[in-house]
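Please find below my notes on the model you sent. They are set out as numbered points, in no order of priority.

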Amino acid sequence: MPMRKAFNGTFIAAGGYDREDGNKVVEENRADLVAYGRLFLANPDLPKRYEIDAPLNKYIRETFYTPDPVVGYTDYPFLE
């Protein structure tokens, strides 16, 4: 919490949070917001999935930041 105390603005936590950990960090006032980078890449409907407790698509790290504009960014399925 030293960073939280040292910074007076909106504090965003990131780095491996799942739904439960993200909610806990906000509830405990250790952050105002939580970023879900990799999970959002694989789950473009992540807020809805979290809302209804739906299973998540697994991300494929090997396709991150490749020159192919489609693979790994727009090919993950939405909920049906």
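The points below go through the annotation, the core, the aromatic pairs, the salt bridges and a few local features.

1. Status and annotation. The model is predicted, and local features are considered only where pLDDT is at least 70. An unreviewed UniProt entry places the feature "domain: NADH:flavin oxidoreductase/NADH oxidase N-terminal" at residues 4–55. Over that stretch the chain is 48% helix and 12% strand, with 32 Å between the end C-alpha atoms. The annotation may be inferred rather than shown by experiment.

2. Nonpolar core. The largest nonpolar core has nine residues: F11, A13, V25, A31, V34, Y36, L39, L46 and Y50. In soluble globular proteins, nonpolar side chains tend to be buried together. One of the core members, L39, is in contact with Y17, L46, Y50, L56 and Y59, leaving aside neighbours within four places in sequence. Of these partners, L46 and Y50 are themselves listed in the core.

3. A31. This residue is found in the loop between α2 (19–27) and β2. A31 has a relative accessibility of 1% and so counts as buried. Not counting residues up to four places away in sequence, A31 touches R4, F11, A13, V25 and V26. Among these, F11, A13 and V25 belong to the largest nonpolar core, as does A31. The C-alpha atoms of A31 and A14 are separated by 9.6 Å, and the two residues are 17 apart along the chain.

4. Aromatic pairs. How many aromatic pairs does a search of the whole structure find? The search finds two. F7 and F11 form a tilted pair, at 6.4 Å centre to centre and 55° between the planes. F7 counts as partly exposed because its relative accessibility is 43%, and buried would require under 20%. The other pair is Y36 and Y50, with ring centres 5.4 Å apart. Their planes are at 85°, so this pair is edge-to-face, the cut-off for that class being over 60 degrees.

5. Placement of the tyrosine pair. Y36 lies in the loop between β2 (33–35) and α3 (37–42), whereas Y50 is in helix α4 (residues 46–52). The pair therefore ties together parts that are 14 residues apart in sequence. Y36 is buried, at a relative accessible area of 14%. Y50 is also buried, with a value of 14%. Both tyrosines are members of the largest nonpolar core.

6. Salt bridges. The count comes to three salt bridges. R19 pairs with D53, the closest N and O atoms being 3.0 Å apart. This pair links distant parts of the chain, since R19 is in helix α2 and D53 in the segment after α4, 34 residues apart. R19 is partly exposed, with a relative accessible area of 31%, while D53 is exposed at 60%.

7. The other two bridges. R30 and E28 meet through their side chains at 2.9 Å, N to O. R30 is partly exposed, at a relative accessible area of 33%, and E28 counts as partly exposed at 39%. R49 forms a salt bridge with D45, with 2.6 Å between the closest N and O atoms. Are the partners in this bridge buried or exposed? R49 is buried, with a relative accessible area of 4%, and D45 is buried as well, at 11%.

8. Ends of α2. At the start of α2, a side-chain oxygen of D18 reaches to within 3.2 Å of the backbone nitrogen of E20. Just after α2, N29 takes a positive phi of about 60°.

9. T63. This residue is placed in the segment after α4. T63 is buried, with a relative accessible area of 14%. Its side chain reaches the backbone oxygen of I60 at 2.8 Å. Not counting residues up to four places away in sequence, T63 touches V71, G72, Y73 and Y76.

Key
Residues are numbered from 1 along each chain as its sequence is written. This is a predicted model: local features need pLDDT of at least 70, side-chain atom pairs count only at pLDDT 80 or more; totals for chains, interfaces and linings use all residues. Side-chain values use heavy atoms; hydrogens and water are left out. Rings of Phe, Tyr and Trp (its six-membered ring) pair if their centres lie within 6.5 Å; planes under 30 degrees apart count as stacked, over 60 as edge-to-face and the rest as tilted. Buried means under 20% relative accessible area, exposed over 50%, partly exposed in between (1.4 Å probe, protein chains only). Helices (H or I, at least four residues) and strands (E, at least two) are DSSP runs, numbered from the N terminus. A nonpolar core is a set of buried Ala, Val, Leu, Ile, Met, Phe, Trp, Tyr and Cys residues joined through side-chain atoms within 4.5 Å. Contact means heavy atoms within 4.5 Å. A salt bridge is a side-chain nitrogen of Lys or Arg within 4 Å of a carboxyl oxygen of Asp or Glu. A polar contact is a pair of N or O atoms within 3.5 Å; within protein, one must be able to donate a hydrogen and the other to accept it, and residues adjacent in sequence count only if both atoms are side-chain atoms.
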